Amino acid sequence: PWNFPLFLAMLKIGPALAVGNSLVLKPASITPMTTLACCECFAAAGLPPGALNVIAGPGSTVGEAIVTDPRVQMVSFTGSTEVGRRVLELAARNITNVSAELGGKSPNIIFADADFDQAVAGAVFGLLLNNGQNCIAGTRLLVEKSIYDRVCAAVAEKLASLKLGDPSDPATQLGAVVSQEQFDKVTGYIELGREEGATVACGGGTPTIPGCEGGWFVEPTLLTGCTNQMRVAREEIFGPVLVAIPFADEAEAVRLANDTPYGLGAGVFTTNADRAARMARALHVGTVYINTYNQVYPQSPFPSWKQSGTGVERGLKGLLQYMRYKNVIQDISGEPIGWFG
């Protein structure tokens with residue numbers, strides 16, 4: 001996909017080649033150059049021709065042709081749940097194995113006993129890695145009622161302090177979203193939040209940055225006064241928009257967190273180790289962050305639950321996705337089998 005074109009391409013290329021496959025890689029239509037440059041490096045390093053192949057183009061033609069080709073024995077897809085559903089439907093024609101890592105609407109849960117500064121930082125970074133264009137982003141901020149207003153005020157202050165601008169400027173903290181289409185989607189959801197009754201506690205604007213006129217900049221936005229039934233709380237926005245929802249106790253936090261079709265990740269901020277362990281068990285997601293968020297360790301698995309996908313990436317489990325098992329049974333006794341022994 002277009003949000004991490006180099007990193008996510010390598011998550012496919014590395015394990016697929018390591019266990020002996022050749023592969024055909026189709027990058028997102030709007031970010032093909034990173035993948036093409038990466039594969040040129042493989043060729044320069046001496047990878048045999050045909051081991052790694054890249055075909056750029058629209059998913060509706062190139063992608064569908066690859067997925068339905070009977071010579072393809074496994075499909076690994078990262079992208080939206082909508083497109084992932086289509087990939088699974090097409091792959092079913094040939095009973096092709098699919099590993100899919102799809103969308104998310106991950107809860108980031110802050111209890112009253114959390115380290116306040118750590119939790120606020122986790123809420124901001126949990127949302128804004130890659131400007132919110134991140135499948136596991138903590139876009140639903142669930143906060144215990146007793147500290148809800150205080151946390152929201154602190155998060156709003158942090159979001160408002162971030163510098164938007166040219167990514168090549170070292171002082172810049174956030175760049176633009178990736179495309180006009182994504183810009184329209186994100187700003188449309190901010191307006192939808194207003195219509196649904198949410199309060200824009202900070203952000204919501206589309207500033208013009210000197211030297212970057214025409215850029216698709218969206219201010220990091222916090223929507224407060226939200227419920228878990230609003231569309232902004234249920235649908236993946238994929239941008240710098242955080243939806244804050246209060247909860248009364250641990251049981252309600254679990255209920256709200258799990259009340260979503262997605263199951264990619266979740267965050268829990270608490271100083272109570274027993275509570276952290278209970279929450280990790282109770283949350284219906286593949287990855288649970290405790291007192292942190294958006295930390296990536298390639299040696300640990302990255303599983304997808306519910307409509308967030310079907311497979312596992314990274315770690316040994318991710319490597320095994322690219323392998324098939326064969327059972328060989330050989331008799332070395334030389335004796336007839338069964339009734340003729």
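Thr139 is found in the loop between α5 (116-128) and β6 (140-144), where helices (H or I, at least four residues) and strands (E, at least two) are DSSP runs numbered from the N terminus. The model is a predicted one, in which local features need pLDDT of at least 70 and side-chain atom pairs count only at pLDDT 80 or more, while totals for chains, interfaces and linings use all residues. Residues are numbered from 1 along each chain as its sequence is written, and side-chain values use heavy atoms, with hydrogens and water left out.

With a relative accessibility of 9%, Thr139 counts as buried; buried means under 20% relative accessible area, exposed over 50% and partly exposed in between, for a 1.4 Å probe and protein chains only. Apart from neighbours within four places in sequence, Thr139 is in contact (heavy atoms within 4.5 Å) with Lys105, Ser106, Leu127, Val241, Leu242 and Val243.

From this loop the chain enters β6, which is mostly covered, five of its five residues being buried. On one side of β6 lie Arg140, Leu142 and Glu144, on the other Leu141 and Val143, and both faces are covered, since all of these residues are buried. In a regular strand the side chains alternate between the two faces of the sheet. Strand β6 pairs with β5 in the parallel sense over four bridges, where pairing requires that DSSP finds at least two bridges between two strands. One of the places where these strands meet is at Pro107, whose bridge partner in β6 is Arg140.

These strands belong to an open sheet of seven strands with mixed pairing, which runs in the order β7-β8-β9-β6-β5-β11-β12. At the edges stand β7 and β12 (287-290), each with a single partner strand, so one side of each has no neighbour in the sheet. On average, neighbouring strands of this sheet are turned by 25 degrees against each other, direction ignored; the axes behind such angles are lines fitted to C-alpha atoms, for helices over the stretch in contact, and angles run from 0 to 180 degrees between N-to-C directions.

Following the sheet from β5 (residues 107-110) to β11, one finds that these two strands run parallel and are joined by three bridges, with Ile110 standing opposite Phe269 in β11. Strand β11 (residues 265-269) is in turn joined to β12 by four bridges, again in a parallel run, and the bridge partner of Gly265 in β12 is Thr287. Because five of the five residues of β11 are buried, this strand is largely enclosed by the rest of the structure. Gly265, Gly267 and Phe269 on one side of β11, and Ala266 and Val268 on the other, are all buried, so that both faces are covered.

At the β7 end of the sheet order, attention can turn to Ile209, which has its place in the loop between β7 (199-202) and β8 (221-224). Ile209 counts as buried because its relative accessibility is 13%. Not counting residues up to four places away in sequence, Ile209 touches Leu164, Gly165 and Phe217, and although Ile209 and Asp166 are 43 residues apart in sequence, their C-alpha atoms are 8.2 Å apart in space.

Two pairs of helices complete this tour. Helix α3 (residues 59-68) and helix α4 (residues 81-91) pack with their axes 8 Å apart, at an angle of about 40 degrees. This makes α3 oblique to α4, given that angles under 35 degrees count as roughly parallel, over 145 as roughly antiparallel, 65 to 115 as roughly perpendicular and the rest as oblique. In this contact, Glu64, Val67 and Thr68 of α3 meet Arg86, Val87, Leu90 and Ala91 of α4.

The axes of helix α9 (residues 250-258) and helix α10 (residues 273-282) come within 11 Å and cross at roughly 30 degrees, and α9 and α10 are therefore roughly parallel to each other. Here Glu250, Ala253, Val254 and Asn258 in α9 meet Arg275, Arg278, Met279 and Ala282 in α10.
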